[in-house]
Amino acid sequence: MRAEPADSHRLTLGEGPRWDADAQRLYWLGIPDHEIRWLDPATGRTDGLRLDVTPGCLAPAGPDRLLLATERGFENLDLATGTPELATPVEAEDAGRRMNDGAVDPFGRMVAGTMQRAEPRTDGRLYRRESDGTVRQLLGGLAIPNGLGWPEPDRFWHIDSPSHRATLYEYPEHGPLGATVRTLDLSQYQGEPDGLALDPEGNLWIAFWGGHAVHCFSPTGTLLATVEVPVPRATACAFDGSGNLWITTAATAVHPDSGRLFRADGVR
């Protein structure tokens with residue numbers, strides 16, 4: 001399988017694709033670009049919005065509304081106004097840090113990680129915004145907190161990219177993160193594991209930064225499939241409702257298509 005360019009717009013660091021099933025729309029973002037983008041696959045129309053903050057991840061939250069994790073913390077965004085509204089600060093006082101990948105858990109709470117903007121990246125943390133608006137730290141001592149997903153409500157996958165591992169944790173509805181259930185060693189594959197998407201069978205589709213690929217693994221780590229990406233820095237991926245896989249990428253100086261959004265049709 002091979003992914004093909006799906007949009008002409010290039011981002012410095014494309015990230016965080018999320019499918020909005022209600023709007024039948026794909027969202028993604030550019031982190032240093034301070035940009036949110038969206039695409040209607042039925043018409044091919046794309047649009048975008050520039051922000052005054054650095055976004056790390058997003059999640060659909062209703063008609064023309066998004067949840068964001070930014071350099072300031074957890075925020076709400078109405079696309080009609082284009083101005084994020086800070087809901088809960090997270091490490092907002094530290095200009096040397098920002099939020100990175102995140103997603104909404106099975107109970108409707110946003111989970112996202114923070115990281116150092118520059119080396120050494122040794123103090124990344126994973127946070128959850130609780131239903132009462134408070135913030136709970138779930139993990140610490142990370143380098144680059146990235147892909148995350150829930151195969152079941154009480155199980156949680158997370159990737160710390162430089163570790164070359166995906167770790168499955170117990171995930172109680174309330175309280176801290178539970179014990180480690182399983183760890184997948186991904187060091188034999190080219191590049192670093194970055195964002196992930198889970199399919200209905202619980203398989204992990206992981207984008208590999210520097211690997212020219214999205215690899216699909218069973219929950220026990222068996223390689224099941226590979227989607228070739230014609231640029232090196234695949235960053236994240238998401239399925240739509242038709243079995244197509246959307247892949248974000250980061251720009252490089254020598255690959256003219258890098259930084260664009262890609263699509264692999266009929267993956268599932």
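In the predicted model, the largest pocket has a volume of about 710 Å³. Its lining comprises 32 residues, and those nearest the centre of the pocket are Arg18, Trp19, Pro60, Ala103 and Val104. Two or more lining residues come from each of the strands β2 (14–20), β3 (25–30), β6 (55–60), β10 (97–104), β14 (145–152), β18 (192–198) and β22 (234–239). By class, 21 residues of this lining are nonpolar, three are polar and eight are charged.

The second largest pocket has a volume of about 230 Å³. A total of 15 residues line this pocket, with Met115, Ile144, Asn146, Asp194 and Trp209 lying nearest its centre. Here the elements that supply two or more lining residues are β10, β11 (110–116) and β18. The lining of the second largest pocket consists of five nonpolar, four polar and six charged residues. Strands β10 and β18 thus appear among the contributors to the largest pocket and also among those to the second largest pocket.

Strand β22, one of the elements lining the largest pocket, belongs to an open sheet of four strands. The strand order in this sheet is β1-β24-β23-β22, and the pairing is antiparallel. Strands β1 (4–5) and β22 occupy the edges; each has a single partner strand, so one side of each lacks a neighbour in the sheet. The partner of β22 is β23 (residues 245–249), to which β22 is joined by five bridges in an antiparallel arrangement. Within this pairing, Ala234 stands opposite Thr249 of β23.

Terms used:
Residues are numbered from 1 along each chain as its sequence is written. This is a predicted model: local features need pLDDT of at least 70, side-chain atom pairs count only at pLDDT 80 or more; totals for chains, interfaces and linings use all residues. Side-chain values use heavy atoms; hydrogens and water are left out. On a 1 Å grid over the protein atoms alone, a cavity is a set of points where a 1.4 Å probe fits but cannot get out, and a pocket is an open set with protein on both sides within 12 Å along at least five of seven lines; lining residues have an atom within 4 Å of a point. Grid points are joined across faces, edges and corners, and a volume is the space filled by probe spheres set on the points. Ala, Val, Leu, Ile, Met, Phe, Trp, Tyr, Cys and Pro count as nonpolar, Asp, Glu, Lys and Arg as charged, and the others, Gly among them, as polar. Two strands pair if DSSP finds at least two bridges between them.
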